[in-house]
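Reader: I have the sequence and model open, and I'd love a guided close look at one part of it. Could you start from a single element and follow the links outward from there?

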Amino acid sequence: MSLLTLGVAACLVGGCLACAAASNGDGQHTQSEAELEARRRQMVDSQIRARGVRDPRVLAALEQVPRHRFVPPSELGTAYGDHPLAIGQGQTISQPYIVAYMSEALALDATDRVLEVGTGSGYQAAVLGELVAEVYTVEIVAELAQRAASVLRDLGYSNVHVREGDGYAGWPEHAPFDAVIVTAAPDHIPQPLVDQLAIGGRLVVPVGTNDQYLLVLTRTVDGLREESRLPVRFVPLTRRK
Ligand code: SAH
């Protein structure tokens, strides 16, 4: 079993469960994969199930994906905390509850093909990879796209495809998609993403600048059905000139 060594400061911040269990005598202690898994189960119970996410497949996916593999080593102690985390390049990995909420709002079937705009760490893409047949994810920051692709490959997510680019334009070569999720906030609904939705497809997107709302749109034969769900705070969707 692989052991991860955590600094004490990280533990104090994260309220590390392993502190009472193991110490290596020089001010540090170790945390096993089994302990990280226990923290992950606790995260799902206390942050996600307790707040009303019910889809059993989404809950199982959140229990399965090793979130700690998607955060920088300095953030290991807080990987399962109830908040977003910095992943470098001024970007963040979303709070676990928001990942679960958006995944549930996508109403996914196991056979679906999904587009994500804003790969970031790759964590949301991995959760989607547990839930559907194929995931196509686009990231505008080259370094993040490369890092996420490498973590996803190491973890064996061969159904998750990462591309560097401006996701405002979607990924037309693989359209239509059964669902599209945007994890950075545009100030309007990107029309290319609507165009790349299958009939019956769902688009989950945070829209706005200072005040952002999470919208759930469904493409019907007659046009778009739109629901505004909850206030959120995402990094802005940037554009490539
Ligand atoms: N889903 C991510 C978190 C997203 S943070 C995760 O699970 O970790 C938002 C990400 O969107 C950032 O990495 C940012 O660089 C990226 N982004 C912003 N504008 C974008 C665009 N136009 N196309 C693709 N990615 C974009």
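## One helix and its surroundings

Author: Happily! Helix 4 is mostly covered, as nine of its ten residues are buried (buried means under 20% relative accessible area, exposed over 50%, partly exposed in between, with a 1.4 Å probe and protein chains only). Keep in mind that this is a predicted model, where local features need pLDDT of at least 70 and side-chain atom pairs pLDDT 80 or more, while totals for chains, interfaces and linings use all residues. Residues are numbered from 1 along each chain as its sequence is written, and side-chain values use heavy atoms, without hydrogens or water.

Back to the helix, which spans 96-105 (helices, H or I of at least four residues, and strands, E of at least two, are DSSP runs numbered from the N terminus). The buried residues of helix 4 are P96, Y97, I98, V99, A100, Y101, M102, S103 and A105. If you colour your view by accessibility, this is a good stretch to begin with.

Just after helix 4, the backbone does something worth a look: A107 takes a positive phi of about 50°. Most residues other than glycine have a negative phi, and A107 is not a glycine. This alanine belongs to the loop that leads from helix 4 to strand 5. In contrast to the buried residues of the helix, A107 counts as partly exposed because its relative accessibility is 45%.

Q89 makes a good companion to A107. Q89 also has a positive phi, here about 60°, and is not a glycine either. The loop that holds Q89 runs between strand 3 and strand 4. With a relative accessibility of 41%, Q89 is likewise classed as partly exposed.

Now let's leave the helix by way of a side chain. S103 and Q124 are joined through their side chains by a polar contact of 3.0 Å (a pair of N or O atoms within 3.5 Å; within protein, one must be able to donate a hydrogen and the other to accept it, and residues adjacent in sequence count only if both atoms are side-chain atoms). At the helix 4 end, S103 is among the buried residues. At the other end, Q124 has its place in helix 5. Q124 has a relative accessible area of 6%, so it too is buried.

Helix 5 brings us to the ligand. Helix 5 (123-131) supplies at least two residues of the shell around the ligand, and so do strand 4 (91-93), strand 5 (113-117) and strand 6 (134-139). The top contributor is strand 4, which gives three residues. Of the 26 residues around the ligand, those that come nearest are S121, E139, D166, G167 and T238 (near means that a heavy atom lies within 4 Å).

For a computational chemist, the nitrogen atoms of the ligand may be a handy place to zoom in. One polar partner is the backbone of T238, with an N or O atom 2.6 Å from a ligand nitrogen. A polar backbone atom of G118 lies 3.0 Å from a nitrogen atom of the ligand. The side chain of T183 joins in as well, with an N or O atom 3.1 Å from a ligand nitrogen. Taken alone, the ligand exposes 580 Å², of which the protein buries 99% (areas by the Shrake-Rupley method with a 1.4 Å probe; for residues, only the protein chains shown count as cover).

Some contacts in space span long stretches of sequence. V65, in the loop between helix 3 (56-64) and strand 3 (85-88), is 61 residues from A126 in sequence, yet their C-alpha atoms are 6.8 Å apart. V65 counts as buried because its relative accessibility is 0%. In strand 8 you will find I181, which is also buried, at 0%. I181 and E116 are 65 residues apart along the sequence, with 4.8 Å between their C-alpha atoms.

Two prolines close the tour. P176 sits in the loop between strand 7 (160-164) and strand 8 (177-182). Most peptide bonds are trans, but the one that joins A175 and P176 is cis, with omega about 0°. On the far side of strand 8, in the loop towards helix 7 (191-195), lies P186. P186 counts as buried because its relative accessibility is 4%. The C-alpha atoms of P186 and F234 are separated by 9.4 Å, although these residues are 48 apart along the chain.
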